[in-house]
Amino acid sequence: MILRDDGTPFAPDYGDVYHSADGALAQARAVFIEGCHLPRRWAGRRIFRVLEAGFGLGINTLATAAAWLADPARGERLHVFSIEKHPASAEHLARSHSNHPELAALSRELIAQWPLPLPGLHRLWLADGAVLLTLCFGDIEKRLPSLEGPFDAFYLDGFAPARNPAMWSDHVFKACARLAAEGATLATWSAAGAVRDGLTAAGFTVERKPGFGRKRHRIEAQYRPPAWRVMATDPATAAPASREVLIIGGGIAGAAVAQQFARRHWKSTLVDAASPLPGGASAIRAATLHPHLSPDDALLSRLVRNGFLQAVAAWRMLAGAGHDPGARLDGLAEIAEHAGEAAAMARCIAHCAPPAAYARFLDAAAMSARCGLQSSQGGHWYDQGGWVEPRALIAAQLEYAATRVISGREVTRIAHTGALWQAFDRDGQRIAGAPVLVLANAADAARLCPGHYRLRPHPGLQTLIALQAPGEAVLPAVALTGAVQAVALDAHTLLIGSHCGGRPEPDADDVHRGPLERWAHRTGRPLPALSTHDISATRITTPDHLPLAGPLPDAAAALARATELRGAQARDLPRQPGLYGAFGYGARGLAWSVLAAELIASRANGEPLPLERELADAIDPARHLLQVLRRGEVEPTG
Ligand SMILES: C[S@@+](CC[C@H](N)C(=O)[O-])C[C@H]1O[C@@H](n2cnc3c(N)ncnc32)[C@H](O)[C@@H]1O
């Protein structure tokens with residue numbers, strides 16, 4: 001982007017301006033806000049969702065957010081979901097916003113959270129959550145099919161159709177129709193015949209209106225669905241009976257759910273059999289968080305990226321609100337085991353070319369300097385990676401959410417009566433109830449609500465080594481992962497972790513000799529007879545090592561329609577109203593925790609999802625049940 005003499009931002013690659021020379025803010029208001037009949041259309045609505053094609057410098061978004069905040073009768077939350085192929089730099093945003101003092105406060109918040117230019121979705125919380133902005137970085141053609149609606153208003157703001165046809169294709173217009181809520185409005189500054197025809201063919205009623213500034217015309221349109229299209233009930237229009245969520249499981253998964261619901265002003269009650277919290281796998285001393293890279297940016301890498309970025313942002317927010325999440329995100333190293341692996345890691349970085357602040361390759365010398373030890377190999381370095389004390393994180397999340405915690409009570413049964421989910425103990429005593437229930441209790445979730453989940457144990461072990469004297473063992477300067485996980489918890493405690501090779505019964509080799517010897521070998525210093533303490537934690541994983549996160553299936557209802565649903569997709573399977581699952585996290589509890597929690601809170605609240613459709617599908621808790629239906633393993637019961 002360059003600034004022209006009159007101060008208008010200009011994109012040389014497209015030979016066009018970002019907005020009218022007659023005023024960016026005035027254009028945003030006249031063409032997009034008024035063109036979509038706002039604020040009239042959001043009156044009386046709890047949640048209002050805008051989809052924008054072309055975030056650019058964010059003037060439309062900030063102007064809409066400002067109009068929302070200025071409206072005393074506004075609803076609970078405005079969502080702006082904006083697609084952008086060439087994200088601007090924070091510096092360019094700041095420069096172009098400086099012309100609009102009325103947007104200053106929102107601009108500061110936007111810039112403070114401005115994400116790295118990584119493909120995929122990025123969620124930014126503005127004005128204390130009154131406005132959520134989901135940025136979708138990527139090409140509109142690829143990204144639109146991956147989105148899930150509905151949206152209430154559309155801003156089409158590409159460069160001129162002749163110079164930027166991808167933003168004005170029939171494919172875009174049809175996707176808008178697919179994503180439109182009933183009566184959704186659409187606005188654009190262009191009145192080109194092809195745009196009008198394309199929108200009309202997609203099902204919009206299009207009107208040509210007097211244009212803004214020197215433009216003769218602009219377009220206002222409204223989506224009128226064909227009579228045969230059945231609109232699903234839209235949770236954004238109706239307020240939930242009460243904003244209360246019951247969470248079963250007080251580990252990393254459950255506490256993150258409490259936080260993301262609390263950010264939406266929901267009350268939470270959390271029940272756990274353990275006392276004190278956390279029990280289970282979250283009782284480990286330290287857990288690491290870092291990106292996952294693959295040369296083809298595989299689904300796992302995309303999911304972990306989304307989860308990593310959301311976790312980092314959510315913990316920053318906790319810290320900003322005065323709740324210390326116990327996170328040390330000052331960098332994490334993934335060191336290669338041998339030269340071949342190091343070369344592959346270097347190639348992966350060269351191929352993916354991620355922003356250096358996300359991931360980069362360090363050679364052996366640079367790696368040694370970073371880690372404070374002599375490393376014979378290089379590897380990946382993650383600036384924002386690090387480690388967390390799960391106990392501190394969970395405490396901070398529950399404190400922030402002001403969660404009512406009921407510990408030491410085991411839930412043995414759940415039941416849905418009226419619009420309420422209730423949890424009962426072994427004696428049939430009711431423990432708690434709420435309209436929304438989230439099962440975040442690992443393998444026990446499957447016991448409370450069978451859904452043909454394919455869960456398996458994934459044992460892990462952490463050995464704490466208390467050094468008797470300084471220098472007895474090499475303490476890494478940062479958290480390390482790879483074949484051996486090592487974290488210096490403090491100046492005299494070294495934690496060495498292992499995944500026990502996924503074996504259910506770890507033997508002595510898995511437990512001690514393997515990781516400890518690897519550490520001794522890597523640091524070139526044999527570990528003396530040390531005082532050690534082991535913490536074993538059996539995590540629960542799935543065959544594809546992806547979590548189960550989202551609305552839980554109604555297995556009985558699905559099996560009753562087994563023949564009909566055999567060719568269905570997971571998302572078509574019947575669900576239990578108000579019942580969600582967040583489990584099967586395996587060894588990536590931290591990366592999945594906020595992602596799953598935000599997905600569930602968004603779904604429960606009728607808001608756009610924080611991740612693309614195919615990613616949500618990949619972690620859908622109904623996917624194992626679908627496999628059962630596809631294989632025809634279960635006879636239909638009716
Ligand atoms: C006119 S500007 C948008 C101005 C913006 N709405 C604002 O308020 O500042 C058009 C934007 O569309 C983006 N764009 C162009 N082609 C695209 C594509 N194929 N996919 C996604 N975004 C694209 C450009 O990078 C540019 O930021």
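**Close-up views of two sheets and a domain interface**

**View A. Three strands form an open sheet in the order S21-S22-S23, and their pairing is antiparallel.** Strand S21 (413–417) and strand S23 (430–434) occupy the edges and have a single partner strand each, so one side of each is left without a neighbour in the sheet. Averaged over this sheet, and with direction ignored, neighbouring strands are turned by 20° against each other. The model shown here, as in the other views, is a predicted one. Within the sheet, strand S22 (residues 420–424) and S23 run antiparallel and are joined by four bridges; in one register position that can be located in the view, Gln422 has Gly433 in S23 as its bridge partner.

**View B. A second open sheet consists of six strands in the order S20-S13-S12-S24-S31-S30, with mixed pairing.** At its edges lie strand S20 (404–407) and strand S30 (548–553), each of which pairs on one side only. In this six-stranded sheet, too, the average turn of neighbouring strands against each other is 20°, direction ignored.

**View C. Strand S13 (residues 267–272) and S20 run parallel and are joined by four bridges.** Along this pair of strands, Val271 stands opposite Ile406, which belongs to S20. Helix H8 (residues 252–262) packs on the sheet, where the helix touches strand S12 (244–248), S13, strand S24 (436–439) and strand S31 (575–583). The direction of helix H8 makes about 170° with that of S12.

**View D. The protein chain is divided into three domains: domain 1 (2–223), domain 2 (244–280 + 391–451 + 544–631) and domain 3 (456–541).** Taken over C-alpha atoms, the centres of domain 2 and domain 3 are separated by 32 Å. The contact between these two domains involves seven residues of domain 2 and five residues of domain 3.

**View E. Between them, domain 2 and domain 3 bury about 560 Å², of which 63% is on carbon and sulfur atoms.** On the side of domain 2, His545, Gly586 and Ala587 supply 64% of the area buried against domain 3, which is more than any other three residues. Zero salt bridges are counted between domain 2 and domain 3, whereas the count of residue pairs in polar contact between domain 2 and domain 3, with both residues at pLDDT 80 or more, is three.

Technical notes:
Residues are numbered from 1 along each chain as its sequence is written. This is a predicted model: local features need pLDDT of at least 70, side-chain atom pairs count only at pLDDT 80 or more; totals for chains, interfaces and linings use all residues. Side-chain values use heavy atoms; hydrogens and water are left out. Two strands pair if DSSP finds at least two bridges between them. Helices (H or I, at least four residues) and strands (E, at least two) are DSSP runs, numbered from the N terminus. Axes are lines fitted to C-alpha atoms, for helices over the stretch in contact, and angles run from 0 to 180 degrees between N-to-C directions. Contact means heavy atoms within 4.5 Å. Domain bounds come from an automatic or database domain assignment. Buried area is the accessible area (1.4 Å probe) that two parts lose on being put together, summed over both. A salt bridge is a side-chain nitrogen of Lys or Arg within 4 Å of a carboxyl oxygen of Asp or Glu. A polar contact is a pair of N or O atoms within 3.5 Å; within protein, one must be able to donate a hydrogen and the other to accept it, and residues adjacent in sequence count only if both atoms are side-chain atoms.
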